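Me: Please take a close look at one part of this structure, the surroundings of the ligand, and then set that part against the chain as a whole and one further residue.

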Amino acid sequence: MKKELAAKLHSIETFGAVDGPGIRTVFFLQGCPARCRYCHNPDTWEMNSGTAGILTVEEAVRKAKRGRPYYGPSGGVTFSGGEPLIHGEFLAEAIDALHEEGIHCAVDTSGTYFGEKSAKVIEKADLVLLDVKHTDPVEFKKLTGRDMDTLFRIIEAVNEAETSVWIRQVIVPGLNDTEEYVRGLKEFIRAVDKVEKVELLGYHNMAEPKYEKLGIPYVYKGMKSMDGERLRRLQEIAWNPA
Ligand code: SF4
């Protein structure tokens, strides 16, 4: 008998409007190899601490189909995390099953993991939301605790598969909130063939209480959230389709 593939689930968002185009069902999968200093979901890190149980392929399809009336022409499903690519075997099968139902599938990856099944998942996905944690390898490592080679392997894989990509970059005060950095980002992502959009996301400090609750030291303790006006100006430099 074929084993039923499943992934540890952190949570589900049923009317997601910020993780890909249109309205989406967003499955946040549990587990992440990175430890980003600004992570606002440290409760997704540990593979075995998920609170929402197990998500089977069948269950993912059933739940995704419920949202279909709201998806419109561009919505669908996004697999996020944590880092969803660590659930490669599950994702590959889940995407196939969702495609059989005609549901658009996006994968939201942090760029900090590349495993045996990652290329296959990227090939199957309709869209990859790709975080660029930092364009400088030393800063990337400092910020995430991971080496940057995984990001380059993902870029190779999306190019090879001709998968569409939305680039996402968190802008952190004092780290990368300069025009110079954003212009460098534009250069950096020229390596990605099918960029459909670049989104800058402002750092916010709302996760601080979560760290306290989990007893994890928070490196950015006391730091202010990113200024909205400054972020808008940087966004115009990064990507302004108008
Ligand atoms: S990759 Fe995402 S989930 Fe993982 S630590 Fe970084 S911000 Fe958090």
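Reply: A residue counts as buried when its relative accessible area is under 20%, and as exposed when that area is over 50%. The model is predicted, and every value below is computed from it.

Turning to the ligand, it sits in the largest pocket, where the residues around it include Cys32, Ala34, Arg35, Cys36 and Cys39, together with Thr44, Trp45, Gly82, Ser110 and Lys133. By residue class, this shell divides into 5 nonpolar, 3 polar and 2 charged residues.

The chain that holds this pocket has 9 helices and 8 strands, and its C-alpha atoms fill a box of roughly 55 × 45 × 35 Å along the principal axes. Because a compact globule of 242 residues would have a radius of gyration near 18 Å, the 17 Å of the chain agrees with that expectation. Of the 242 residues, 50% count as buried, and among contacts between residues at least 6 apart in sequence, 71% join residues at least 24 apart.

The further residue is histidine 87, which is found in the loop between strand 4 (76–80) and helix 3 (88–100). Its relative accessibility is 8%, so histidine 87 counts as buried. Leaving aside residues up to four places away in sequence, histidine 87 touches Ala7, Lys8, Leu29, Gln30 and Met47.

Note on methods. Residues are numbered from 1 along each chain as its sequence is written. This is a predicted model: local features need pLDDT of at least 70, side-chain atom pairs count only at pLDDT 80 or more; totals for chains, interfaces and linings use all residues. Side-chain values use heavy atoms; hydrogens and water are left out. A residue is near a molecule or strand if one of its heavy atoms lies within 4 Å of it. On a 1 Å grid over the protein atoms alone, a cavity is a set of points where a 1.4 Å probe fits but cannot get out, and a pocket is an open set with protein on both sides within 12 Å along at least five of seven lines; lining residues have an atom within 4 Å of a point. A molecule sits in a cavity or pocket if more than half of its atoms lie within 2 Å of its grid points. Ala, Val, Leu, Ile, Met, Phe, Trp, Tyr, Cys and Pro count as nonpolar, Asp, Glu, Lys and Arg as charged, and the others, Gly among them, as polar. Helices (H or I, at least four residues) and strands (E, at least two) are DSSP runs, numbered from the N terminus. The radius of gyration is taken over C-alpha atoms; the globule rule is 2.2 Å times the number of residues to the power 0.38. Buried means under 20% relative accessible area, exposed over 50%, partly exposed in between (1.4 Å probe, protein chains only). Contact means heavy atoms within 4.5 Å.
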